[in-house]
Amino acid sequence: MPKQIKKNKKYSLKDNTHGYITATDLANFVFCPIGYSIARSIKGITLSVAKTGTQFHELSILNNNYQSVGTDHTERTSLVNESNKAFFDDINSSESVYAGHSNDEVKYFTNEQEQFVGDPDYVFNNKDGHNYIVEEKFIKYDCEKDHRFYDNHKVQLASYIKYLLDFNAQYGYLVYWFYDSSDNNNLIECKVLKITLDEKVDNFMERLMSHVKQF
């Protein structure tokens, strides 16, 4: 596709003079620097990885149901297991601070010092008074595939924790909701990865941000 666009010269360039870097920029760069460069430079180009499961986001699953997720509701308890129970317990004992998909208006939070902008899916305040961020992804389930957490998704969450000073989040959860497209897109599994901004993650994000700015 990009090759044909270049060959036929049917494209126009984006204005990249604003200088801000988004969480999606960092994630896309980790996923594929070439694809990131094309998507950032040419109008009308969107990386396919950014489209995954977008139809589910408007459901605001955690924002609308977080007090009932993991309780006696049959449709919810089927998603809870030993590997994700701590996450559901944390959600059920927390208060919702912000939900990025709760309305049609997207709100961006800015870190002027780093020239970074981002819009997390959810921010919660736990029982100890600490904020944390939840980033969710909706993925079509494939029983033959090893569903590991993607590096670009981990980077997106880590960038919110590190750079969104408005929330001063202590940690975050990357949540994979798996759906079955043959069964009315019902959610059938939930995998959760907790990310804390320790020294290793902090140093990695510093290097990545510097690399993307230079690029």
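Before I place any residue in a loop, let me say that helices and strands here are DSSP runs, with helices of at least four residues and strands of at least two, numbered from the N terminus. On that footing, Q115 sits in the loop between β3 (109–111) and β4 (116–118), and I would ask you to keep that loop in mind, since I will return to it. What we are looking at is a predicted model, so please hear everything that follows with that in mind.

Let me start with the chain as a whole. The protein chain has nine helices and eight strands, and of its 215 residues, 41% are buried. If we take the contacts in the chain with a separation of 6 or more, 67% of them are between residues 24 or more positions apart.

I would like to turn now to two pairs of helices, beginning with α8 and α9. As a reminder, two packed helices are described by the angle between their axes and the distance between the axes. For α8 and α9, the axes come within 10 Å and cross at roughly 100°; because crossing angles of 65 to 115 degrees count as roughly perpendicular, α8 and α9 are roughly perpendicular to each other. On the α8 side, the residues that take part are V155, A158, S159, K162 and Y163, and they meet V201, D202, F204, M205, E206, L208 and M209 of α9. Sorted by class, that contact of α8 with α9 comprises eight nonpolar residues, one polar residue and three charged residues.

The other pair is α2, which covers residues 23–31, and α3, which covers residues 33–41; their axes are 5 Å apart and the packing angle is about 135°. With that angle, α2 and α3 are therefore oblique to each other. Helix α2 brings D25, N28, F29 and F31 to the contact, while α3 brings P33, Y36 and R40. By class, the contact of α2 with α3 holds four nonpolar residues, one polar residue and two charged ones.

Let me go back to α8 and α9, this time from the point of view of a pocket. Which helices each supply at least two residues of the lining of the second largest pocket? They are α8 (151–163) and α9 (199–214), and of the elements that contribute, α9 gives the most, with five residues. This second largest pocket has a volume of about 270 Å³. Its lining is made up of V30, D151, K154, V155, A158, I195, K200, V201, F204, M205 and R207, and by class that lining has seven nonpolar residues, four charged residues and no polar ones. You may notice V155, A158, V201, F204 and M205 among the lining residues, and these names also appear in the contact of α8 with α9.

One residue of that helix contact deserves a longer look, namely Y163, which lies in helix α8. Is Y163 buried or exposed? Its relative accessibility is 2%, and Y163 therefore counts as buried. Leaving aside neighbours within four places in sequence, Y163 is in contact with N111, E114, F116, M205, E206 and M209. Here we come back to the loop I mentioned at the start: Y163 and Q115 are 48 residues apart along the chain, and their C-alpha atoms are separated by 9.5 Å. Q115 itself, at 26% relative accessibility, counts as partly exposed, and its phi is near 55°, a positive value in a residue other than glycine.

A related separation involves S210, which is found in helix α9 and which, at 34% relative accessibility, counts as partly exposed. S210 and E114 are 96 residues apart along the chain, with 9.9 Å between their C-alpha atoms.

Two further loop residues will close the talk. N168 is in the loop between α8 and β7 (171–180), and its phi, near 50°, is again a positive value in a residue other than glycine. At 54% relative accessibility, N168 counts as exposed, because the cut-off for that class is over 50%. D121, for its part, is in the loop between β4 and β5 (122–125), and with 2% relative accessibility D121 counts as buried. From C-alpha to C-alpha, D121 and I133 are 7.6 Å apart in space, and twelve residues apart in sequence.

Conventions: Residues numbered from 1 in each chain as written. Predicted model: local features only at pLDDT ≥ 70, side-chain atom pairs only at ≥ 80, totals over all residues. Heavy atoms only, no water. Axes fitted to C-alpha atoms, helices over the stretch in contact; angles between N-to-C directions. Parallel < 35°, antiparallel > 145°, perpendicular 65-115°, else oblique. Contact = heavy atoms within 4.5 Å. Nonpolar A, V, L, I, M, F, W, Y, C, P; charged D, E, K, R; others polar. 1 Å grid on protein atoms, 1.4 Å probe; cavity = no way out; pocket = protein on both sides within 12 Å on 5 of 7 lines; lining within 4 Å. Points joined across faces, edges and corners; volume = space filled by probe spheres on them. Buried < 20%, exposed > 50% of the residue type's maximum accessible area, 1.4 Å probe, protein only.
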